[in-house]
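Student: I've got a model open and I'd like to go through the labels people put on it. Can you walk me through what each one rests on?

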Amino acid sequence: MVATTDRDEFVRLTDPYRRELLAHCYRMLGSADEAEDLVQETYLRAWRSYDGYEGRASLRTWLHRIATNTCLTALEGRARRPLPTGLGEPSQTPEEPLRAPATDVPWLQPLPDALLDPAWVVAARGSLRLALVAALQHLPARQRAVLILRDVLAWRAPEVAAVLGTSTAAVKSSLQRARARLAELAPEEDLVTEPSGAADREVLDRYVAAFENADMDALLTLLRDGVELEMPPHLEWFRGAKEVHRFLVARRHETGTLRMLPTRANGQPAVAMYVRGTDGVLRPHSLQVLTVEDGALARITAFLDTDVFGRFGLPGELV
């Protein structure tokens, strides 16, 4: 039986990697909820085998190896977690009512920046952007693992081969296929653009003001020509400044009926929208993650499943 002092040492040495492992599992799964569960499973497996660790690899590498295999087991037989933009062509009827939400789809979830180490997320935010995480979900699980371990964690090919129980040549071949597939799925700027904090804040402030003041003209000035708006769990999505603007104008709220609380998700600016009911109470409407490029909005992903508010530590209602 492992002594209590060993357990205390295990917690002290491994706990600093918890948030990094959460990001790793999230990239693999596309689900913040499942990522947290799998980090717990990773630590349980690590504790059970801690007495045999013996420092043959760095502790960080050892924990990532366990987390990767835990994720691969969890992904067996699982459908990928998409966003609406990955499931079909954009809608051409922005003024028409939306169809019933697709509640049977295991949608990609946003990841709160607050769950990650502030210093680390700044350096790693490019690998957590919604566009990249959504694109990763198209890759087979082992190919996804190869790409993350090689291109995000910068592991050497032999190290990845040891984790996956395959050859170095197979890892290199899998990485080549993964990179090619990723290039097909998303424009390069979606995957690597790193907007400055100042640009993020300015666009977010203008976005919030436009909505809260019901200023649809101001909102239009924020939209890039090719902007995309998606709203999981609805399958419909829209592309183009005119179409997105028409959709938002058709559903505009009067001044004073909205409140927006800034937050951050996936290393990107985000905002929680609350809508005032007839009783005067402001209740959750959507959690919107914004993709900012060159001082304008390139994508708005509005998660209409208000269960995410709790994960972000947001209040259930405002007065």
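Tutor: Sure. Keep in mind that this is a predicted model. Let's start at the surface, where Asp-6, Asp-8, Glu-9 and Asp-51 gather in a patch of negative charge.

Student: What makes this patch negative?

Tutor: Asp and Glu count as negative, and the patch is made of Asp-6, Asp-8, Glu-9 and Asp-51.

Student: How do you know that Asp-6 is open enough to belong to a patch, and where does Asp-6 sit?

Tutor: Patch members need over 30% relative accessible area, and Asp-6 has 31%. That value also falls between the 20% and 50% limits, so Asp-6 is called partly exposed. Asp-6 is found in helix H1, residues 4-14.

Student: On to salt bridges. How many does the structure hold?

Tutor: The structure holds 16 salt bridges.

Student: Why is the contact of Asp-33 with Arg-311 called a salt bridge?

Tutor: The cut-off is 4 Å from a side-chain nitrogen of Lys or Arg to a carboxyl oxygen of Asp or Glu. Asp-33 and Arg-311 meet at 3.0 Å, N to O, so the pair qualifies. Asp-33 is in helix H3 (residues 32-48) and Arg-311 in helix H14 (residues 308-311), so the bridge ties together parts that are 278 residues apart in sequence.

Student: Are the two partners buried or exposed, and what makes you say so?

Tutor: Arg-311 has 17% relative accessibility, under the 20% limit, so Arg-311 counts as buried. Asp-33 has 35%, which lies between 20% and 50%, so Asp-33 counts as partly exposed.

Student: What makes Glu-34 and Arg-81 a salt bridge?

Tutor: Their side chains meet at 3.4 Å, N to O, and the limit is 4 Å. The pair links distant parts of the chain, 47 residues apart: Glu-34 is in helix H3, while Arg-81 is in the loop between helix H4 (59-75) and helix H5 (118-124). Arg-81 has 13% relative accessibility, under 20%, so Arg-81 is called buried. Glu-34 and Arg-81 are also linked with Arg-78 in a network of salt bridges.

Student: And how do you know that Arg-246 and Glu-95 form a salt bridge?

Tutor: Again, set the value against 4 Å: these side chains meet at 2.8 Å, N to O. Arg-246 lies in helix H13 (residues 241-250) and Glu-95 in the loop between H4 and H5, so the bridge ties together parts 151 residues apart in sequence. Arg-246 has a relative accessible area of 34% and Glu-95 has 45%. Both values fall between 20% and 50%, so each residue is partly exposed.

Student: Now the backbone. What makes Ala-154 stand out?

Tutor: Ala-154 has a positive phi of about 60° although it is not a glycine. Most residues other than glycine have a negative phi. Ala-154 is found in the loop between helix H7 (141-152) and helix H8 (157-164). With 59% relative accessibility, over the 50% limit, Ala-154 is therefore exposed.

Student: What about Ala-214: buried or exposed?

Tutor: Buried: the value is 11%, and the label applies under 20%. Ala-214 also has a positive phi, near 55°, and is found in the loop between helix H11 (197-212) and helix H12 (216-220).

Student: Which residues does a cis peptide bond join?

Tutor: Pro-232 and Pro-233, with omega about 20°. For context, most peptide bonds are trans. Pro-233 lies in the loop between strand S1 (223-230) and strand S2 (237-239).

Student: Why is Thr-301 called buried?

Tutor: Its relative accessibility is 1%, and buried means under 20%, so the label fits. Thr-301 is in strand S6 (residues 296-303).

Student: Last one. What does UniProt list for residues 16-80 and residues 205-299?

Tutor: The unreviewed UniProt entry lists "domain: RNA polymerase sigma-70 region" for residues 16-80 and "domain: SnoaL-like" for residues 205-299. In the model, residues 16-80 are 71% helix and 0% strand, with the end C-alpha atoms 30 Å apart. Residues 205-299 are 24% helix and 46% strand, and their end C-alpha atoms lie 16 Å apart.

Conventions:
Residues are numbered from 1 along each chain as its sequence is written. This is a predicted model: local features need pLDDT of at least 70, side-chain atom pairs count only at pLDDT 80 or more; totals for chains, interfaces and linings use all residues. Side-chain values use heavy atoms; hydrogens and water are left out. UniProt positions are given in the numbering used here, feature names are shortened, and annotations may be inferred rather than shown by experiment. Helices (H or I, at least four residues) and strands (E, at least two) are DSSP runs, numbered from the N terminus. Patches are made of residues with over 30% relative accessible area and no salt bridge: like charges are joined within 9 Å, nonpolar side chains (Val, Leu, Ile, Met, Phe, Trp, Tyr) within 5 Å. Accessible areas come from the Shrake-Rupley method with a 1.4 Å probe; for residues, only the protein chains shown count as cover. The place of a charge is taken as NZ of Lys, CZ of Arg, CG of Asp or CD of Glu. Buried means under 20% relative accessible area, exposed over 50%, partly exposed in between (1.4 Å probe, protein chains only).
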